[in-house]
Amino acid sequence: MPPPVIVPRRPFLEGDSEPRLVIRSTIEEDGTPVPPVIWALRRNAEVPDHEMHSPVDGLDRRYRSFDERHVSPPKTALQMAEQHGVYDAAFGAGKPAEARRQYFASASREAGSYLDTVVSFPDDPDLTRDLKFFGEIHVAKHDVHDTEPLTELPVARGAGLKQGEYVVHDADQLILPYLPDALVRGVSFRGLPGGKPNETYDFPGPWPQAEPLRLRIEEGTGAPERSLIGRQLTVFLPKAEAATVRMSCRIAASDLDTFRTWQLLTGSPLWNDPVTGLPQAKKDELTAASADGENWLITPYVELTLVHAVEKPLERPVLSDLTFNRTAEQTSAQLVGTVRAHARSTGRVDVDATWTEWLDDVTQDAPQRITGHAHVGELTLRPADNTRSLLGIRHEFRDTRHRNVTYTPTATTRFREFFHPAITDRAELITRVGPAGAGPAGRGWAVPSSRRPEPPLVSHAVPTFRWESSVDHGAHKVTRIRRRAGFRVFLRRPWFSSGDDELLALVLDPGTAATGLPDDLVTRCAADPVGTDTTALPHLAPVNFPNAALTATGLQTAETVAGAPATVTVVAFAPVFDPQRRLWYCDIDVDLGAAADTTAYFPYLRPALARYQPSSVDPLQLSKVVLGEFTQLAPDRTVSGAMTTDGRIHIELGGPATATAVGKRAGAGLPGMAASRRVVASVQQRPLTGGDLDWTGTGATLDLTCVARGTGFAWTGDLTPPAPSLPLLSSFRLVIEEYETYLTDRTTATGTVTAGGTTLPVGRRLVHADTFALTTTLLGRIVLQE
């Protein structure tokens, strides 16, 4: 027995067809549901081709909150009906003439079809209804832009419609225009949303009065509802639900023997053998199921598709934490992670990337922060893929640099085919953007570099200091302390050869003694061999560089030692750009420990430098090592000035010091130290409106005397300021200068020193200088400014 016949009630919209019923809705951006009726009101006013009176066929093509199909019993031939005995009451002796007349009237409906515009009623063939007159039958076109003339109804018997045309019956109750199959009793639906596994509904009335059913879908949940008035079955679909329903005919169990297939089954040993055959309960079950339309050999099915299409996904997609697979020299990175989405409403998830990075173009005045973006890839989701691996998503960068990338998933509706292009062309209507995945720190996910950084280009290095000042107002004393900080290394452009977060690394020997690795691979420090400094300097370790931004151990160098990469420890520093010099620089603080800082005098440090990219594929974090110039770390100095009762300034300078070659000639102890350096205090002045280059001497100058102080030495003396002068037209300062004395030849000597009765030519280099602000009292006396 053929399956029931499907007849459309209204023109098909996007994605609709005879066996496919569709309703449409959406949600607001904040997730608030929008019912189909509200959605239809919005879109009917915006979307073309959805007028109340379509120009192509005059039909109502507006979106609506429901969809309907007529379901009618299959057609049969008059001969088949006679063979089933449905006309036996009209023939034979004594049969009334009215019965014969009714027979001939109903038999004329054999040639009827749904193209007929005048249809007789099955229960009274003498009555007819003009469907065209009442506006209940129309010819519709599939293509709303079809320019071919519309076929006019009625059409000649057997002529049919043109290609691209179909007939719709816009009536609440469809009138059956032909003879229904004599054995059909109703319709069977298997898989109705909210219903039992198999739902059956009758085509009521004695043959040939089988009345069609109207199938309707609406938004909602719950069991299907059959209306008390009219032949309507309403099925409820929640948003993003799509159901496939098998529809077949239901017959009476007593009619099963009419079918040869059933006869073969019931005549087989499986049915009749009392030992190996089916139990009676199973036979009863098969009989009931076959009569209810579940035996496809007897009552084949047609599939209906019920769809509640949503304009945009019901949930935003969310990316999991990400990692990246990247190999050496690879310009792309494979994303490793998952995306979570509402798969029933999401057909595709696109992954887009944005990032910012430094571009250090040496032709420009300064490095620039630029923005990059890319469409990384897309995933097609199956309806059950609520969590989907990102396998296959590969981000192509076209270089090997490290970047901090923010990845954003965008979900696109699974139901694009059910909406007009005017809707699907607007991305904001059919997509939902998920939260941007910016990593745990909010800076973006770290995509590693896949190549070693370039070696750093070192320009030069200078020492750095920290200054401290204190005032004792009771003693009218000012103290200034210069402490050794470390050194500043300047680097030539460009920086960021391996991408953002590139650091300058100071390479250290990880061993317990400075003998493990070659000197040209690691940083070394030592005492000045010229002096008499006997300070034991530590083996350099990360603790000796307290301001390091990052410390890393177990890194492999690009260079090899004994045929294998060396393993080193690094302390790393973030470069800062100097716009005046157009150079990068790093301040590297050095702390040699309490013991060394107390006695060490100008120790040497020879840095081994490399670029360090923490986010890099192992073991490609370090560039080749570059040796920096030797840098001497200045010793600490403490200078104090105090006013004496007689108006002089008592000055004292102290700190680590060693005897030079001149001092060694002069002797050990105090004489040698006194000969090793000269400390001069002087008063300078400048006009009140002058600048830094306007300072000049006043003639008030004093060489400080070397004295013993505990285990060390200090230089001290009392300086008499210049005599008072009125009016006050100048500002004054006290300058303290420490010079180290060294032997030289007579042609370049700047002075002489007598040591052991011998006059020696010497030169001097400035190793420390400091200034104290002086002020003038109302009486014109020059005193320390406290």
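Of the 786 residues in the protein chain, 47% count as buried. That figure, like everything that follows, comes from a predicted model. The chain has 11 helices and 48 strands. With a radius of gyration of 50 Å, well over the 28 Å that the globule rule gives for 786 residues, the chain is more spread out than a compact globule. Its C-alpha atoms fill a box of roughly 170 × 75 × 50 Å along the principal axes. As for the surface, about 36600 Å² of the chain is exposed, and carbon and sulfur atoms supply 54% of that area. Contacts across the sequence are plentiful on the long-range side: among those with a separation of 6 or more, 70% join residues 24 or more positions apart.

Next comes the inside. In soluble globular proteins, nonpolar side chains tend to be buried together. Here, the largest nonpolar core has 30 residues, and V187, F189, L192, L213, L215, L233 and L306 have the most contacts inside it. Several strands each supply at least two residues of this core: strand 2 (20-27), strand 9 (184-190), strand 11 (213-219), strand 13 (232-237), strand 14 (242-251) and strand 15 (302-310). Strand 14 gives the largest share, with 4 residues. L306 shows how such a residue sits among its neighbours: leaving out residues up to four places away in sequence, L306 touches L21, L192, P193, I217, V235, L237, E241, A242, A243 and V245.

Strand 13 is also home to Q232. This glutamine has a relative accessible area of 13%, under the 20% cut-off, so Q232 is classed as buried. Setting aside neighbours within four places in sequence, Q232 is in contact with E68, R214, R216, E225, R226 and S227.

The helices offer their own bit of packing. In helix 3 (residues 97-107), the buried residues are Y103, A105, S106 and A107. These buried residues pack against two elements, helix 2 (78-83) and strand 6 (124-130).

Not every nonpolar side chain is tucked away, though, and one surface spot illustrates this: V37, I38 and L41 form a nonpolar patch on the surface. Together, the three have about 270 Å² of accessible area. V37 belongs to helix 1, which covers residues 36-44. Is V37 buried, exposed or partly exposed? Its relative accessible area is 44%, which falls between the 20% and 50% cut-offs, so V37 counts as partly exposed.

Technical notes: Residues numbered from 1 in each chain as written. Predicted model: local features only at pLDDT ≥ 70, side-chain atom pairs only at ≥ 80, totals over all residues. Heavy atoms only, no water. Patch = residues over 30% accessible without salt bridge, like charges linked within 9 Å, V, L, I, M, F, W, Y side chains within 5 Å. Areas by Shrake-Rupley, 256 points an atom, 1.4 Å probe, with all protein chains shown as cover. Salt bridge = Lys/Arg side-chain N within 4 Å of Asp/Glu carboxyl O. Buried < 20%, exposed > 50% of the residue type's maximum accessible area, 1.4 Å probe, protein only. Core = buried A, V, L, I, M, F, W, Y, C linked by side-chain atoms within 4.5 Å. Contact = heavy atoms within 4.5 Å. Rg over C-alpha atoms; globule rule 2.2 N^0.38 Å.
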